[in-house]
Amino acid sequence: FLYFIGDYMPDSAAVASPHAAPTITTTINYNTDTGKRQFINAFDPSQNQGVEGRDGTVPVTKDVVDARGLDRRPTMVQHGFELRTQSIAVLSAADFDNDHTVRGKYYPLVSEVISAATGAAKVIPFHHAVRSADPTSSAKKPASVAHSDYTTRNALDLFDKIAPAEFARGRFAVVNAWRNIGTDPIVDNHLAMCDATSIVAPDDFTVYDVYQEPGKPPAETFRLDSGHHTRHRWYYYPGMVRDECLLFMQYDSDTTRPVRFTFHSAISDPNAPMPPRVHRHSIEVRALCLFPDHPTNTLPTTVKSAANKVDSMINTVMVSLPHADHWDANGKNWMRGELSAPGGVDRAILGLIHHHNGKSSTKLTAAEIAEVHKQCKARNFETIARHHFQVPAGPSSPSGSPASGGGAGIDSAKVEAIVKAVLGSLPYADHWDQGGKDWMRRELSQPGGVDRVIAGLVGHHNGKATAKLNPAEIHEAQKRCRERGFEATARKHFLKQ
């Protein structure tokens, strides 16, 4: 199984002799096997200290070639990366500080440049990160370690989550679009790319977990082992400007292609002025590329078994509870409201199940949902949830919850605004997205589903409200929705009954 990729692609290294282009000598952080599964905690760095074998980072001195000086340009197909020119004059520097603007105005440009480079039938940008080398900036810092962001496992998970059903065939790839968004050319902290045809597979691949959010499983990535570093050819593009976009392959489902993963790292330029006159400011966007008409189907045929699906969902629901402090205010209020209301524990469990099930492509059946519900209760969901969300046990409802017209602790006007928003959304079923329609129809057809839908919609609109409802008000809003014919109206517009 061991092979040196370059051995069966004799022309792949023929871009140019590395000595034919300017070169810098710098340090690249590689990895070595510690005998233990390695990880980094990105949201709580304090947990990274004092764990034996946690990190096998090894600094290695490497020559990095100026790719602009090569006789032939590297390509994503043959080497894993390529430089494209594309104007982003429609975007200001400030636009990249707004996630909504990035998704609305920049994502279409990313789709355009990746489509032109790959010929993909559909490109779906799904994640972006802005980085700055300025120590005073709150943005993420350049990642100065040789890595590739996707393994086969999490690439397939990504595909399952966001690929439309009609594209579940052929081939898919994950491509990264990296760009300078500063007004000046980049002079330091360049993004260096390792020619994928110089990698030894699988020896060079070290699995490395990145914990990005509390209560969620880690993202599985690859770090680059230092064992064969003398074979590795590294390149960079000095002086990148805003109208240049560096594309590189993160994962390709076609195992016959010469490039499937591309290792990369930020590097220091020994020739950069010190102190720096300008700091790198960049954005990277990851995109799923779909090729349904690929000559062969490269997607695996195996799917999760029912038992695996159930166990995975139980773990997802239960592991979220100890991280209550990291839930947003709307989620906390919803959970506390349910834990304080009669029957709320069941609604909370089912609400979490349906929330996570809605994001999964391997949907649970009604019987599997019932099993997850049962197992969560058996594993002390209520006790754990009450402890972490600080809701004491007892049969009492929230203060003022029995009242319908504004008892203690209830602002009737706030409640009424949410009730109107919930009920007012029902006649416009045709304008809901497909996922929302499917969720509503599924819940309306299941025991207890009406209460879960009301709780979900109240929570959704409360999350967007400036003045948030407290747990008692959430309970009151749910009560009013039921009393005002929510179920009949929802069935009329979503089930045509």
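A crossing of two helices is called right-handed if the near helix is turned clockwise from the far one by less than a right angle, and left-handed if anticlockwise. With that term in place, good morning, and let us turn to the structure above, which is a predicted model.

I begin with the chain as a whole. It has 497 residues, and 50% of them are buried. Its secondary structure consists of 12 helices and 16 strands. If we take the contacts with a separation of 6 or more, 79% of them are between residues 24 or more positions apart.

Now to the interior. Which residues touch the most other members of the largest nonpolar core? They are V64, F172, W234, L288 and L290, in a core of 31 residues. Several elements give two or more residues to this core, among them the helix α2 (152-162) and the strands β4 (57-66), β8 (171-180) and β16 (281-291). F172 makes a good example for us to follow. Setting aside its neighbours within four places in sequence, F172 is in contact with A155, L156 and F159, with L288, C289, L290 and F291, and with further residues including Y251 and T298. There is also a second, separate core, made of 28 residues, and L91, Y106, V130 and A196 are among them.

Next, I would like to present two pairs of helices. In the first pair, helix α5 (residues 344-358) and helix α6 (residues 366-378) have axes that come within 10 Å and cross at roughly 130°. The two helices are therefore oblique to each other. The crossing of α5 past α6 is right-handed, in the sense I gave at the start. On the α5 side, the contact involves D346, I349, L350, I353, H354 and N357, and these meet I369, V372, H373, C376 and K377 of α6. Sorted by class, six of these residues are nonpolar, three are polar and two are charged.

The second pair is formed by helix α10 (residues 449-464) and helix α11 (residues 471-483), whose axes come within 10 Å and cross at roughly 125°. These helices, too, are therefore oblique to each other, and α10 passes α11 in a right-handed crossing. From α10, the residues in contact are D451, I454, A455, V458 and N462, while α11 contributes I474, A477, Q478, C481 and R482. This contact holds six nonpolar, two polar and two charged residues.

Let us stay with R482 of helix α11 for a moment. Is R482 buried, partly exposed or exposed? Its relative accessible area is 35%, so R482 is partly exposed. Not counting residues up to four places away in sequence, R482 touches D451 and I454. The C-alpha atoms of R482 and V450 are separated by 8.6 Å, although the two residues are 32 apart along the chain.

Finally, some details of the backbone. Most residues other than glycine have a negative phi, and most peptide bonds are trans. Where does this chain have cis peptide bonds? One runs from A201 to P202, with omega near 5°, and P202 is in the loop between β10 (200-201) and β11 (205-211). Another runs from M274 to P275, with omega near -5°.

Two asparagines deserve attention for their phi. N189, in the loop between β8 and β9, has a positive phi of about 55°. N380, in the loop between α6 and α7 (381-389), has a positive phi of about 65°. N189 is buried, with a relative accessible area of 18%, whereas N380 is partly exposed, at 46%. Thank you for your attention.

How values were computed:
Residues are numbered from 1 along each chain as its sequence is written. This is a predicted model: local features need pLDDT of at least 70, side-chain atom pairs count only at pLDDT 80 or more; totals for chains, interfaces and linings use all residues. Side-chain values use heavy atoms; hydrogens and water are left out. Axes are lines fitted to C-alpha atoms, for helices over the stretch in contact, and angles run from 0 to 180 degrees between N-to-C directions. Helices (H or I, at least four residues) and strands (E, at least two) are DSSP runs, numbered from the N terminus. Angles under 35 degrees count as roughly parallel, over 145 as roughly antiparallel, 65 to 115 as roughly perpendicular and the rest as oblique. Contact means heavy atoms within 4.5 Å. Ala, Val, Leu, Ile, Met, Phe, Trp, Tyr, Cys and Pro count as nonpolar, Asp, Glu, Lys and Arg as charged, and the others, Gly among them, as polar. A nonpolar core is a set of buried Ala, Val, Leu, Ile, Met, Phe, Trp, Tyr and Cys residues joined through side-chain atoms within 4.5 Å. Buried means under 20% relative accessible area, exposed over 50%, partly exposed in between (1.4 Å probe, protein chains only).
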